[in-house]
Amino acid sequence: MNCKYRTCLYVALSGIILLVHGCSKSSVDQYLFQKLSSVETGITFENTLEEEELFNCINYLYFYDGGGVAVGDVNNDGLPDIYFTANMVSNRLYLNKGDFQFQDITKTAGVVGGIRGWTTGATMADVNGDGFLDIYVCQSNYLDKESPNLLFINNGNQTFTESAADFGLDFKGLSRQAAFFDYDLDNDLDMYLLNHSIHSKGTYGDIELRNKKDYQAGDKLYRNENGYYIDATEESGIYESILGYGLGVAVGDINWDGYADIYISNDFHEDDYLYYNNGNGTFTEALRSSVGHTSSASMGNDLADVNNDGLLDVVVADMMPEREDIRKSSVFADPYNIKNIKLRYGYYHQYRRNMLLLNRGLALRPIAKSSTNFNLFSEIGQMAGIHATDWSWSTLLVDVDNDGYKDLFVSNGIYRRPNDLDYLEYIKSNEIQLDIGSRTSQTNPTPIDIEKLAEIVERMPSVPLSNYILQSQADLTFKNRAKDWGMHELGFSSGAAYADLNNDGGMDLVVNNTNSTASIYKNLLYKSNENLSTGNKYLKVKLRGKAPNTFGIGAKVLVYSGNKLFFQELNLTRGFQSSVEPVMNFGLGNIDNIDSLQVIWPTGEYQVLSKVNINQSITLIQGDAENHYLYEKRVNDTTLFQDVSDQIEIEYKHQENTFLEFNREPFIPHFISMEGPACDAADVNNDGLSDLFLGGGKHQPAGIYLQNDEGNFIAVPDSVFIRDSRSEGVDAAFFHADKDQFIDLYVANGGNEYFAKMAPLKDCLYFGLGNGYFRKDGSALP
C-alpha cells in the first residue's frame, strides 16, 4: 500500500474514532441520571424468584409482580434511608451514610420480615406519633405462603419491634399495599389496606359480585382510635368484595373540600374505584360520575398536579406495548364480543392502555343522593403520549429536571410474559393441561412436577425492557427521555420511589428489579455549583406536624411566583407497592423569586410566608400556623348552556341495530356505522320556528319534528321517510334546491352493512311541500 495513502487513512480513522469517542463522552456528560453500581452504593439487594412445585407463575397469577420500595429517614439524621421488599427472600433496610453510601442494617434493626409469606408492598409512616418513621409490610397469603402483615415500630435507635398485633394491623389475607392518611381529620393516621382477589374466589360474574364480601380479598379501611386501629370498612362504604383486584392506591383531596379522597386501580374486569370523602366518616364511590373510561388491567397509580392548576390529576399504568412485535404476539385487548359481555354484566368502559385523567374541576351538581361535590376528568393519555409503556407497574409523577412541571417515571417489564400467543396455544393442549392438573381458573391449584414446570415456564418469553422517564413538555404532552437521560438499561422493574438521597435538590430514583440488583439512579442536575446558579431552581419543603401526625401527611403547599402556581399535597404511598420520602421538592424552573408560600395543614391550620428564598430546604411547623383555612362550598356556575331536555316534549329515541362491523372488516380501528343519527334544523313550514330532522338507525324511519309555540316538537307522520327506513342517514342538510319558498332536505346515506352500489347506500333529495311533509325525487341525483 502506498505510504502516503496509509498515512491519510490512519489520520482519517483516528479522527473518526476521536469523533465517536467524543460524541459518546458528550452524551454521557449530558445524562440527567447516573446508574450507580452496587460497589459504589453498597446496595446488593436482589428480589430473586424461584419457581416451586406449588407456588409458581402458573398457580399464582401475580408471581412476577415484583417487590416494593419505601424511602424515608428512619434515624432522623437528615438522610433518607431505603427499605426493599422481596417476595421470597429477606427484605432489606439500608441506612444512608451520605454521598450515596449505604449500610445494610436489616438484621440488627430487626426488619427481616421473614419468608413464610409472600411479601408485596411496603410503606413508611409514623404510626405511633413519636416522630420516627415506622415500616408497614404487606403479605399475600395464598397456597403455602402464610404470614400476617407486619408493622415494624421504630425504637429510635436504629432498631425496630414488630408490633402489628398490638396496633390491630396484623391482617392476614391477600394484601398488596397500605396507605396511611387522616380521613376523619382528627390528626392521627388512619389506614387504607389495598388487597387483591384471585380467580378461584369465583370472580367471573356480573357486577353484583361487588356486594359479595370476602375477608381475604376485600379492601379494608382502618380508623385510628387512640393508637389502635379499628376496622371501619363496612360503615365507611368501602367495597370489600371478591371483585377487588387491587394493584394501586392513591390518596389526595381531589375536590378541594379538605377531606382526603381515594383512587383504587383494579386489575382484570372490575372497575377502578374513585371514593369521594363525605366528611362524616363515609365515602361515596363515584368513578362513573367523574370519568368517561379507565384502564383495563389497571396497575400502579399516582395523584399529582401535572398542569399547575392546583388540582390533583390521576395517572394509571396498564399493559399496552409500544413495540409493534409485542403487540401482535400477545393477547392485547378484549375481543369486541367479550367487551360487550362485560358491559352487559355492568362493568364500565375499560381500555388496555395507560390513562392520564386531567382534573377539570367541580361538576355542576353534587353526587346523587349526597351533598358531596365531585370533579370531572378528561382522559388525555393518548394525547399526552404516555399511553403505551408496555407491562408497566409503578407510575410516579415527579419533577426530575426541576423545570416546574412534573415528569412521569414508569417502571416496566415482567420476567415471563403469560399472555404470549404462542405460549397460550402451547399450554391449552391436552397434554399440558394434564401436566398442570386440568384445572380451570376458578379452582384451587395443585402442585406441578418441577421438571415439567421448568419446561412449561420456558415457553413463556422473557423480554427485558427499559423503564420510561417521560419529560413534561409543559403543554400536557410528554416525551420519553430514557435513552437521553441515562435510563436505557434493559430489565424487569416493579416497585419504585423517588427521594433526594444526597440533599442536593435533585430527585433521585430507587427501583426494585426482579432477578437482578436494585437500581439507584443519581440525579446529575446539580453536579456542579454552576448548574445550581444558572439552571432550574428548586425549593424543598419539610413539614413538622403536631403529634401524632408528626410528618403532616395530607398537608397542601402552594408556591406562587408571578402568575405561576406550584402545588403539592403530601401523601407517601405512590406508584406500585411503594412509598416516597416525606419531603416535598418543588422544581421552579427559571424563576428567581417566590412571592408567597401557603401551607394548609390537614386539620385546617393555615399559614402564608412571603418572599421565600429559592434553592434551599425549609421546615414548616404546624404550631406556627395561627389562621384557619376555610374550604368554600364550591359551585361551578360558569355555564354557557342549560340542559332543558326534561322540559321539552319530543317523542324520539334513536335505535341502533345490532351489527358487528369488525366481523366484516377486522382491521378498522373503530365502528363507522354507529356514529349516531343525522340531524339538522330549519324552519320547514315557514312559521318562524326552527324545526328538526332526526335520522334513525337501520329500519328506524327518520322524521320531521315541527316546533310549536310551547317549544315542544311534534312528529310529522310522513311515509316518504318510512319507505327509506332501510337506509341509514349519516348526515343531513336543509337548503333550497329549487326556486320555491319551501326548504328542501339532502340526506347522505352510508354505513358498512351494504355493499357496492346497493340502493340503501344512495343519497336522497327531498323537496319540501311547506307543511312539514316532503317529496322524494329519485331522479334528481346521479
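Reader: Helices (H or I, at least four residues) and strands (E, at least two) are DSSP runs here, numbered from the N terminus. Where does Ser265 lie, then?

Author: Ser265 lies in strand E15. Two notes on the basis. This is a predicted model, in which local features need pLDDT of at least 70, side-chain atom pairs count only at pLDDT 80 or more, and totals for chains, interfaces and linings use all residues. Residues are numbered from 1 along each chain as its sequence is written, and side-chain values use heavy atoms, with hydrogens and water left out.

Reader: Ser265, buried or exposed?

Author: Buried, with a relative accessible area of 0%. Buried means under 20% relative accessible area, exposed means over 50%, and partly exposed is in between (1.4 Å probe, protein chains only).

Reader: What does the Ser265 side chain pair with?

Author: Asn301, through a side-chain polar contact of 2.8 Å. A polar contact is a pair of N or O atoms within 3.5 Å; within protein, one must be able to donate a hydrogen and the other to accept it, and residues adjacent in sequence count only if both atoms are side-chain atoms.

Reader: And what else does Ser265 touch?

Author: Leaving out residues up to four places away in sequence, its contacts include Tyr245, Leu247, Asp272, Met299 and Val316. Contact means heavy atoms within 4.5 Å.

Reader: Zooming out. How is the chain divided?

Author: Into domain 1 (45-420 + 460-523), domain 2 (537-628) and domain 3 (661-777). The bounds come from an automatic or database domain assignment.

Reader: How far apart are the centres of domain 1 and domain 2?

Author: 23 Å, taken over C-alpha atoms. Domain 1 puts 68 residues into the contact and domain 2 puts in 38.

Reader: How much area is buried there?

Author: About 3,900 Å², with 54% of it from carbon and sulfur atoms. Buried area is the accessible area (1.4 Å probe) that two parts lose on being put together, summed over both.

Reader: Which domain 1 residues lose the most?

Author: Asn187, Trp256 and Asn402, which together make up 16% of what that side buries.

Reader: How many polar links cross that interface?

Author: The rule finds 28 residue pairs in polar contact, both at pLDDT 80 or more. On the domain 1 side, several strands each supply at least two residues, including E2 (69-72), E14 (246-252) and E30 (493-499). By class, that side has 28 nonpolar, 26 polar and 14 charged residues. Ala, Val, Leu, Ile, Met, Phe, Trp, Tyr, Cys and Pro count as nonpolar, Asp, Glu, Lys and Arg as charged, and the others, Gly among them, as polar.

Reader: How many salt bridges cross the interface?

Author: Three, by the rule. A salt bridge is a side-chain nitrogen of Lys or Arg within 4 Å of a carboxyl oxygen of Asp or Glu. Lys540 also pairs with Asp500 in a salt bridge, with the closest N and O atoms 3.1 Å apart.

Reader: And how many in the structure?

Author: 31. One of them joins Lys35 and Glu489 at 3.4 Å, N to O. Lys35 is in strand E1 (33-36) and Glu489 in the loop between E28 (478-480) and E29 (490-491), so the pair ties together parts 454 residues apart in sequence.

Reader: Which residues does Arg210 share a salt-bridge network with?

Author: Glu270, Asp271 and Arg288. The Arg210 to Glu270 bridge is 3.0 Å, N to O. That pair is 60 residues apart, with Arg210 in the loop between E11 (190-195) and E12 (220-225) and Glu270 in the loop between E15 and E16. Arg210 is buried at 11%, and Glu270 is buried at 0%.

Reader: Backbone oddities now. Where is Phe268, and what is its phi?

Author: Phe268 sits in the loop between E15 (261-266) and E16 (273-277). Its phi is near 60°, a positive value in a residue other than glycine. Phe268 is partly exposed, at 28%.

Reader: What about the peptide bond from Ala547 to Pro548?

Author: Cis, with omega near 10°. Pro548 is in the loop between E33 and E34 (556-561).

Reader: Last one. What does Lys542 touch?

Author: Gly78, Val583, Ser617, Ile618, Thr619 and Leu620, leaving aside neighbours within four places in sequence. Lys542 is in strand E33 (537-544). It is partly exposed, at 26% relative accessibility.
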